[in-house]
Amino acid sequence: MLVIKNGRIITENSIISGKDIIIEDGRIKDIVESKDEYKYTVFDANGRYIFPGLIEINSTTFQNTINSMDGENIDYNLVLSSIDDDLVTKGYCLVYHSFTISNINESISKFKQIVELSNVISLSNLKLKHRIHVVLDAYSDDIIDELSKLIKSHLIHELSIKSTNYIDYDGGQKSIITDSDINNLINLAIAHKIIIVGNGLEDNVKLAWMKKSNINSCRFPSTLEMAKKVLQKEINIIFNEKKLFEMQLKSNVISEFKNATSMNTSSVCLETFSDDLIKSLFKISYTNDDLPIYETWKLISTNPAKAFKIYDDYGLIENGKIANIFLVDFTEDNIIVKNNIIEGNVIYTKRS
């Protein structure tokens, strides 16, 4: 059992002090009024902020790394372990590694990579939890068949998909994939508890399709007006850093989004984020009393957990959840991760 004392705990709606976090068997057993004596191991937070672990739902780091390497004998375990070691120093607890299927010719190699990475994840002694995300930007009969096999083998955890008819040519044979085929794939994925994300949203027709297909999250609505419609349909919004900057939200992303949509940010997620963006979120909260840190932090921890239906275990510091917690010092100009606690174990401590 571990007790964390003397910290400023980030909750969903406030920052609380004078409380102790009691951790048992990898989960948060209780958050109680602070006291001096415990029979258990005590971890002194020394006044630092205590956050729930980061959740990245669309990481391209692994895919980009292996694509940059020459040869066929790539050590997947070494690559993933290196990524794991780096992310643990930044407060992460859960990562979804993305593989984009953008054309038929590359699909076979991508599916092989997915199988190999899945094997490494299941056999390696990693610090964080790692899962797999497939972004489906091209369709064919073979792609759908192979993807269905991966789904049935429980190798995929997130699937980004869109409603589009694709005509592919292979050896002179024309293959037409219809929305009915896509809906069958969605139903198979849902039956295997895979998260389905609607990929791209430009008009009301696609929005209606997402709602009809029981898709509860949408990547990259094209405008803030479309984002507002998405939220009204009770569909979660997933942005990435590039899209936010394309929409000219820049450093005041949250306040402008709130003003533009006339809604709160409880259904908005960031799917991937740089160190600079994380620092920007802290800076926004440090300098803007209307946007406290517990509000901005929802974008990269609480809200992804809710959207991906893992909120029972992730996303907040509260009773019953997995004790994925990291401690930081931060000022207007900098954020320093001092410790990362994964499943109740102190995995990382920054050296002075």
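Strands E4 and E5 (residues 27-33) are paired in the antiparallel sense over 6 bridges. Strands here are DSSP runs of at least two residues, helices are H or I runs of at least four, and both are numbered from the N terminus. Two strands pair if DSSP finds at least two bridges between them. The model is predicted: local features need pLDDT of at least 70, side-chain atom pairs count only at pLDDT 80 or more, and totals for chains, interfaces and linings use all residues. Residues are numbered from 1 along each chain as its sequence is written, and side-chain values use heavy atoms, with hydrogens and water left out.

Within the E4-E5 pair, Lys19 has Glu33 in E5 as its bridge partner. The hairpin has 2 residues between the strands, and Asp25 takes a positive phi near 55° there. Strand E4 (residues 19-24) is also joined to strand E1 (residues 2-5) by 3 bridges, and these two run antiparallel. Val3 is bridged to Ile22 in E4.

A parallel arrangement is found elsewhere. An open sheet of 8 strands follows the order E8-E9-E10-E11-E14-E15-E16-E17, with parallel pairing. Its edge strands, E8 (54-59) and E17 (268-270), each pair on one side only. On average, neighbouring strands of this sheet are turned by 25° against each other, direction ignored. Axes are lines fitted to C-alpha atoms, for helices over the stretch in contact, and angles run from 0 to 180 degrees between N-to-C directions. E8 and strand E9 (residues 92-101) run parallel and are joined by 4 bridges; Glu56 stands opposite Val95 in E9. Helix H2 (residues 76-88) packs on the sheet and touches E9 and E10, its direction making about 135° with that of E9. Contact means heavy atoms within 4.5 Å.

Strand E10 (residues 129-136) contains His130. Which side chains does His130 meet through polar contacts? One such contact, of 2.7 Å, joins His130 to Asp84, and another, of 2.8 Å, joins His130 to His97. A polar contact is a pair of N or O atoms within 3.5 Å; within protein, one must be able to donate a hydrogen and the other to accept it, and residues adjacent in sequence count only if both atoms are side-chain atoms. His130 counts as buried because its relative accessibility is 6%, where buried means under 20% relative accessible area, exposed over 50% and partly exposed in between (1.4 Å probe, protein chains only).

Ile132 lies in E10 as well. At 1% relative accessibility, Ile132 also counts as buried. Ile132 and Ile156 are 24 residues apart in sequence, yet 5.2 Å apart in space, C-alpha to C-alpha.

The largest nonpolar core has 89 residues, of which Leu159 and Ile161 touch the most other members. Such a core is a set of buried Ala, Val, Leu, Ile, Met, Phe, Trp, Tyr and Cys residues joined through side-chain atoms within 4.5 Å. E9 gives the largest share of this core, 7 residues. A second, separate core of 14 residues includes Ile21, Phe43, Ile317 and Ile341.

Two helices complete the tour. The axes of H4 (residues 141-152) and H5 (residues 179-191) come within 10 Å and cross at roughly 10°. H4 is therefore roughly parallel to H5; angles under 35 degrees count as roughly parallel, over 145 as roughly antiparallel, 65 to 115 as roughly perpendicular and the rest as oblique. Among the residues that meet are Ile144 and Leu147 in H4, and Ile182 and Leu185 in H5.
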